[in-house]
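Reader: I've got a model open and a few labels I'd like to see justified. Can you walk me through them?

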Amino acid sequence: MRIKIKVKHLVSFVLLPASLLILLFNFLPSSKAQMEDSPAIQSNLARTELLQKLESTTGSKRMELIQTNIIDKEHGYNPYRYDVNIGPSMSQWNHDEPSISNLLPEDKIALLEEYILDGPADNKRIFAVKLLAYEYDALGRKDDGDQALITAAKQLNSNSHLAKELALLHAERALNSGDITTAEAILEQATFPSEYQENLDAQKAWLTGRLLFTKGEAQEALTVVTKGLESYKKYWQGVHEQMNQVTSNSEKDTADSDAAGSSSSSAPAIGTSETEMQLEALKSAIQSAVDMGSTSAAVVSGTLTRSNGTPISRAGIFLRAESEVHHSITAAEPYRIVTDDEGRFEFHGVIPGFYQLQLGLSYDQIDGWTWPIQYDDWIEVKPGDTLNKSIVLQPLLELQSPINQETITGQSIDFHWKAVKGAVYYRLSGGVSMVGSSFSSQIRDHITDNQVSIPVDELYYNSGFSYGSGGEGFESIDPLSFLVFMNPEARFSWNIEAFDADGRLITRSNGYRLNEDTVGSLPFFYLKARELTAADHLLLDKKPDQALEMYQQNIADDPQDAHALHMLVKLMLAKSSITKDDSLEDQAIPPLQKLIQLHPYSNYAFTLTQYYFDHADWKSYNEFHSRYNELNQIELNSYVRSINAVALMHQGKLKEAREQFAIALEHDNSHRFIGSYLAAELYAGESLSSVMTLAERYPEHSFGLNGYRWPQMIKQLIAERTKQPNNFDQELKEKLGWYMNDQTDVLEQWIKGAKSSALETFMQAVQKVS
Amino acid sequence: MNTGNTENTKREAIKQQLEEELQSIHFEGHERVLKMTHPPTFGARLLALWNKEIEIPVKPIGAIGAIILVVSLTLHHPEVKHQPQQNVQQHANRELIEAGGNTYWKDIYEQAVKKHEN
């Protein structure tokens, strides 16, 4: 069949529609697929969509749209909230849903500027101003941020609490940038309406305290803050009591009349509000500074960059005081800042003391990078300091072998990793990494090459005796943490840290690996070089007592069964520490001594030194300490050295003890043995003032303790000594003698009976050093 | 007068004879001559093409058309339908996990582990 058709009809009715269809099918879908592939284009699409939606609305509808898409989108109404928070002792991510609209900063600024003029005058407006100021700060346009505050305040009734809040916010920004004059002018004028007065008063006290300290009036600052805190607490206590009364009354009513629907609002818990935490933190910071006579504020500044020099903008920098680092970042941090385009940050009016920096980053910013900071990296801010603390992120170290869950069956494992420029040595750690259970410990330190071959016996026997448990009681122990590398069914992971000549961390293999490129090689492997014994199976079945018995049986059958000996010792030591039954520890010592003959590893020697140290058996202690030294091969770490110094001190070897303390404290940033060192120095006849220098040079950083604790105690001793120097010196010598010569009971009795004095406080603190 | 008549008669006879002789000859070159003397414009040619009638065999053209349709449908249709949904879902439900000391997105981690499963 043939069709007769004119060319013009063929073109307009057949070819043209067909080619349009082909275009539609081919071109459009491919461009759409591209959009799905690239999140940038996807979010761009969402942004365009939102902007178009905004374009087509006006009036209150539009304000509502801005509110739901920008203001409510910020999690917890806190602009300083980031995907990831990283500090020396922690790394945590927020479980916020990712924002999809991804408006550009310019978009947000324009819309927020509009909102603070036309939006409803409520708390959301305050938040809009905060957000706007944050956006301007991130662009390095601080003045525009201040202007936004002023503009927003003008829109409000100048006596409303919202206007007052804005005024305080303005004062805070002025303080943060070191503009004392503006801050002072605002605070002087600030009087508050009765509505929300307590909160505003507390805020004002907090700001005034900071202002006064920055001006050098530390004592006045302390008074203002203390008073502010007291009245704030008193107010809430009153509210709490009232509410309790109302609640109990209404409960009574409900019970009497059986009426439903009584209000069930409960009183707010006392001591949890952020305002109160702010005041408490400020009070303790000022108090500590006043005690140390450090009454002028400091400036801490720096930049945040990558190792290739690229600045990281829009990242949060938090300067956190020693007393605050152990809780997570709140919405009321005194020293927080967002980095500008060049990654810069600068804190003004910093109260002298010990601080750590923490970062707030987005997933994109941290992905594949690490901040090489360590647990005990502290910044000491001294009065009047101008410190520069730059932060440099490093690319994650890449592991090369064994990786990607390969199975190893040989008698040693060859670990390889990519060499790091400037690294003088590496630290290898590893352990079990199962779903829902992981346990890791150090395998070898001070590896000078970027590879090392570890015999499986070393993995089996030199892994130490620490363990994990999932609850209370011996039954709750985690069997995987007992068998560790001896379990052929478990999956293991490993990691590397690289250090420079000064022992400072350069980079590490562990970190955020969030996309296909940064995931790299998986740090997992299987080790199938032995088979599980019947006792091992019992342990894995969570029957530790039966396992313990069977290991004992194994040893009876074959006294050279190193695996059974190792497991027996580990289980006994764990059971002893869980049940507080010391006899079990005693029983574990003979098999441990047998083990060290079979497998001479340093961890066995260390456990034995610890045991004899605790029992003040110095002869055995010395024997195993030198054995440890021999087996360890590398230089003693500062902890072992400090313990040894204490042991030498108790043996009357004062000179050697002091030498060892001096080396150990130089290398240990936590300075946990400073108390013992001070005692040894004083006992050797050093003066209080020379000991004071040591106390200041080696501040102790322990959980919940103030870094100025020892200097303050020495200061008190000096003051106490002035009254009766001869008497004091004699008494000090006597008490220190009890401590040196292990006369713990005598010392404890004296502490209990003595009336409180600087000497008693000092001796109590010295005795607790461990 | 007679002479005139005779001449007329003669001319008519010749004409008649000529017509008789030319009867079998037809001039058919009008178009060619016109084309040569008045060549057609480009527009006119296009118009001619535009209005040209052609014949198309139904079977082969229909077959080719059907193939193109099926191929384009199978290649593109599923993509258009499913991919966007998948991506959006993935983004909203993403979960971070920690394994071996690293932090991964769970989906990427599981993919990588699966790839290296023994």
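Author: Sure, and keep in mind that this is a predicted model. Let's start with a charge and a ring: the charged end of Arg306(A) sits over the ring of Trp369(A), 4.7 Å from its centre.

Reader: What makes that count as sitting over the ring?

Author: For Arg, CZ has to be within 6 Å of the ring centre and within 35 degrees of the ring normal. The 4.7 Å here meets the distance part. Lys733(A) does likewise over the ring of Tyr683(A), at 4.8 Å from its centre.

Reader: Why is the aromatic pair of Phe354(A) and Tyr708(A) called tilted?

Author: Stacked needs planes under 30 degrees apart and edge-to-face needs over 60, so the rest are tilted. This pair has 40° between the planes and 4.7 Å centre to centre, so tilted it is. Phe354(A) is in strand 8 and Tyr708(A) in the loop between helix 25 and helix 26 of chain A, so the pair ties together parts 354 residues apart in sequence.

Reader: How do you know that Phe354(A) is buried?

Author: Buried means under 20% relative accessible area. Phe354(A) has 5%, so it counts as buried. Tyr708(A), with 10%, is buried too.

Reader: What puts the buried residues of helix 25 of chain A on the same side?

Author: The buried ones are Leu688(A), Val691(A), Met692(A), Leu694(A) and Ala695(A). They cover an arc of only 165° around the axis, so they share one side of helix 25. These residues pack against helix 24, helix 26 and helix 27 of chain A.

How values were computed:
Residues are numbered from 1 along each chain as its sequence is written. Chains are lettered from A and ligands numbered from 1 in the order in which they are written. This is a predicted model: local features need pLDDT of at least 70, side-chain atom pairs count only at pLDDT 80 or more; totals for chains, interfaces and linings use all residues. Side-chain values use heavy atoms; hydrogens and water are left out. Buried means under 20% relative accessible area, exposed over 50%, partly exposed in between (1.4 Å probe, protein chains only). Helices (H or I, at least four residues) and strands (E, at least two) are DSSP runs, numbered from the N terminus. The arc is that of the directions from the helix axis to the C-beta atoms. Contact means heavy atoms within 4.5 Å. Rings of Phe, Tyr and Trp (its six-membered ring) pair if their centres lie within 6.5 Å; planes under 30 degrees apart count as stacked, over 60 as edge-to-face and the rest as tilted.
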